[in-house]
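Reader: I should like to learn how to read the structure shown below. May we take its features in turn, with the general idea ahead of each case?

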There are 2 protein chains.
Amino acid sequence: MTSTSAIDLTALLAPGLPPPAVRWTGFAKYNFVGGHNDPSFVPVDSLIEASTTVLRREGQTLATYGLNSGPLGYRPLRDFLAAKLKGHAGISCSSDDILITSGSLQAMDLVNGVFLARGDTVLIEQETYGGALTRLARLGVNAVGIPLDQEGLRMDALESALSEHKRRGVRPKFIYTIPTVQNPTGTIMGAERRAQLLRLSRAHGVPIFEDECYSDLIWSGERPPALYAMAQGQGVVHIGSFSKSVAPALRVGYIVAGWDILSRILALKTDAGSGALEQMVLAEFCRAHFAAHVPTLARGLRAKLETLMEALREQFGTAAEFDDPKGGIFLWVKLPDTVDTLKLAQAALAAGVALNPGPEWSTDKAYSRCRLRLCYANLEPAAIREGVATLAEVCRREFGVPSRIANVAHPQGR
Amino acid sequence: MTSTSAIDLTALLAPGLPPPAVRWTGFAKYNFVGGHNDPSFVPVDSLIEASTTVLRREGQTLATYGLNSGPLGYRPLRDFLAAKLKGHAGISCSSDDILITSGSLQAMDLVNGVFLARGDTVLIEQETYGGALTRLARLGVNAVGIPLDQEGLRMDALESALSEHKRRGVRPKFIYTIPTVQNPTGTIMGAERRAQLLRLSRAHGVPIFEDECYSDLIWSGERPPALYAMAQGQGVVHIGSFSKSVAPALRVGYIVAGWDILSRILALKTDAGSGALEQMVLAEFCRAHFAAHVPTLARGLRAKLETLMEALREQFGTAAEFDDPKGGIFLWVKLPDTVDTLKLAQAALAAGVALNPGPEWSTDKAYSRCRLRLCYANLEPAAIREGVATLAEVCRREFGVPSRIANVAHPQGR
């Protein structure tokens, strides 16, 4: 023994780790980030009832990893999902084609895990979920953004990108898309474009990774069939979640795929199963209440979205441009080109307003520089209005936009 | 477009994936694998009460990722753990030194994730948790087994290995140990040996990864302080679980580490939090019932262990050798050298008996060839007896061991 001094653990860390986390100090007062939901719509009474019923009936099965359902997850929840996906998204699948995951983020990690190696290329929507971008970057994967329009992925741009990659001898591993309530733009891809997308996917031998995390929350309640449905499950892997439709802190998502792929995904899921109590309570709740709960929640969210859009018009006038999203929990906003939302986000946070700056949600940093995402589900209507007013103040101070204070220069904003 | 034929997704898979999973067809009739627990000791009534109380009080917080507790996990559960670890394991830590994980397997993945890169070396107990071995193999890490005795890791062997690696210029990333109810041998490392281990760790600058998944289940209720406690948290990362003490299907584990390491671990935990309902219900349950529940469970498990050991003596006589474990849910058994437990496991499974063959739980395939692990918590006493009788039959048929049938040749077995 040569020394008894303490070991410097940090000298032993693996190379290439992300920067250390910073201490959490609570949510921002006006919290427009994070995909949280509306607390008043958490179905607390029904969850208590579901939890009591299911624990009374089969609580003892908690003594067994995977309950009595095996590694794909709690069978009654998969049965519910198979029926729901059939009715909602047109997907014909059995409970054995569904793997329950610990949230859709584990689903995403698993799908990435079976397809991607360092140096691979994937095609993704130019504006997309920030966590998808950070994951691909960490995996050393080249994420090529395809521009969007008001119906989602632009087919001309996708076709060009596919052809260009083919010319260069690069076969992208998949096309990652959120076709039904796109994050962050809130668009829904129509059935015709979905068919085009599937034709392109097949012609180039590049499968589709379809993420339907937000697809339950659609104002009209109507939607085209899932890509997985239209393709009869061929060449498509589908994921979804209960985070937006029931509660985000319940970490329950799922993957739908043929067994050729699902068996490879399952082999990577070495976590001894996802949380069983959450699956049991969800299954029991959903069987009785999901169909009625979701439209109620959607109406509540729509009302909050109206509040947000009204507040933006009031405070920013024509300086804030946005399309009315078809559903979801977020609004994608364009400010004048002079605004740098990365800087705005820092200044706003200091004033208690948290927002997602565009460049964190896009592969095109120049295009997204003046754009931002606002999640509106978690805040009370009054807080939405106050938060937007505060944001407008900060933005005017930092960038001179909007040029005058609310309700004076922009009567058209009402 | 050149083709509309289906895409062969399997041609796009990443290299180096594990073999595909096989369809689950249910548990073996005599299921001595998997670390399941005793269904009759799942505290169903108390879990219902806890779930009702906590959902009534704060169910609405499920609308927020991480509840109101931030990314380290539900604060009341961390508060409970800080107090429990102090009383039980002598660990002085605050709730901010604890990260709640989705089972201790996520904890293990995260600790591995911050320290290990392909080509690294770690020192581990020669007989150890099979999932630790498969993880290290998949990470491309060289796992060097250190022989055990009846107090766990042998210090002479560890010192030799450390010196030998130093000579070769290789600094192992950590020493992975299960000091308190070792898996699979069931030993507890004494306080004096723990002090030796810490001295060796410091002298060689190789930290300790302490896994205490089974440490709640000790027949005597007494144990030495955790290595983390004795080291005042310096150079040690500690993990644990509620799987063995409450229920394995609840996927709740934890990591205790200083912020220099925990902040790096937290940065790798990109799952938007572990399941909140499980954390909430556990915290509510544990505050009121954990202290009384664990000794009751331990008494029940000890009785089952007696049944198993009695059945082995009855059926195998002196052909089955084992030490009486100090706690836990498994027994490590040596059969005569002629028995190949990998083959035995296959033949036994065909007869309805599932067991862990030694080589899957050891780095020394020759030493462990005639050894096996039997988990006894999940089976009823009658099934334990039947399962062992079936195993003896199969073993006699395949290997001529035990040489005669029960209760005839081995009266000393009673």
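Reader: By what turn and what shift can chain B be laid on chain A?

Author: In general, two copies of a chain are related by a rotation about an axis and a shift along it. In this predicted model, a turn of 180° and a shift of 0.0 Å along the axis lay chain B on chain A with an RMSD of 0.0 Å. The two copies are thus related as by a two-fold rotation axis.

Reader: How many residues does the contact take from each chain?

Author: The contact takes 84 residues from chain B and 84 residues from chain A. On the side of chain B that touches chain A, at least two residues each come from α1 (44-58), α3 (103-115), α6 (191-204), α8 (259-268) and α9 (276-316) of chain B. By class, that side of chain B has 44 nonpolar, 30 polar and 10 charged residues. Of the interface residues of chain B, 100% are also interface residues in chain A, so the copies meet through the same surface.

Reader: I turn to the sheets. In what order do the strands of the open sheet in chain A stand?

Author: As a general idea, strands of a sheet pair through backbone hydrogen bonds, either parallel or antiparallel. In chain A, 7 strands form an open sheet in the order β2-β10-β9-β8-β7-β3-β4, and the pairing is mixed. β2 (98-101) and β4 (142-146) of chain A stand at the edges with a single partner strand each, so one side of each has no neighbour in the sheet. From one strand to the next, the twist averages 20°. For a parallel case, take strand β7 (residues 175-177) and strand β8 (residues 208-211) of chain A, which pair over 3 bridges; A:Thr177 has A:Glu210 in β8(A) as its bridge partner.

Reader: Which helix lies across β2 and β10 of chain A?

Author: That is helix α2 (residues 75-89) of chain A, which runs at about 120° to β2(A).

Reader: In which sense do β2(B) and strand β10 of chain B pair?

Author: β2(B) and strand β10 (residues 253-256) of chain B pair in the antiparallel sense, over 4 bridges. In β10(B), B:Ile255 is the bridge partner of B:Leu99. Helix α5 (residues 155-167) of chain B packs on the sheet, where it touches β3 (121-125) and β4 of chain B. The direction of this helix makes about 145° with that of β4(B).

Reader: Is strand β14 of chain A enclosed or open?

Author: In a regular strand the side chains alternate between the two faces of the sheet. For strand β14 (residues 371-375) of chain A, 5 of the 5 residues are buried, so the strand is largely enclosed by the rest of the structure. A:Arg371, A:Arg373 and A:Cys375 are buried on one side, and A:Leu372 and A:Leu374 on the other. Strand β11 (residues 330-334) of chain A runs antiparallel to β14(A), joined by 5 bridges, and A:Val333 has A:Leu372 as its bridge partner. Strand β13 (residues 356-357) of chain A is also antiparallel to β14(A), with 2 bridges; here A:Pro357 stands opposite A:Leu372.

Reader: Which residues touch the most other members of the largest nonpolar core?

Author: In soluble globular proteins, nonpolar side chains tend to be buried together. The largest nonpolar core has 273 residues, and A:Val111, A:Ile255, A:Tyr376, B:Val111, B:Ile255 and B:Tyr376 touch the most other members. Leaving aside neighbours within four places in sequence, the contacts of A:Tyr376 include A:Phe32, A:Leu305 and A:Ile384.

How values were computed: Residues numbered from 1 in each chain as written. Chains lettered and ligands numbered in written order. Predicted model: local features only at pLDDT ≥ 70, side-chain atom pairs only at ≥ 80, totals over all residues. Pairing = 2+ DSSP bridges. Contact = placed C-beta atoms within 7 Å. Axes fitted to C-alpha atoms, helices over the stretch in contact; angles between N-to-C directions. Core = buried A, V, L, I, M, F, W, Y, C linked by C-beta atoms within 7 Å. Buried ≥ 20, exposed ≤ 12 C-beta atoms within 10 Å, placed from the backbone. Least-squares fit on C-alpha atoms with pLDDT ≥ 70 in both. Nonpolar A, V, L, I, M, F, W, Y, C, P; charged D, E, K, R; others polar.
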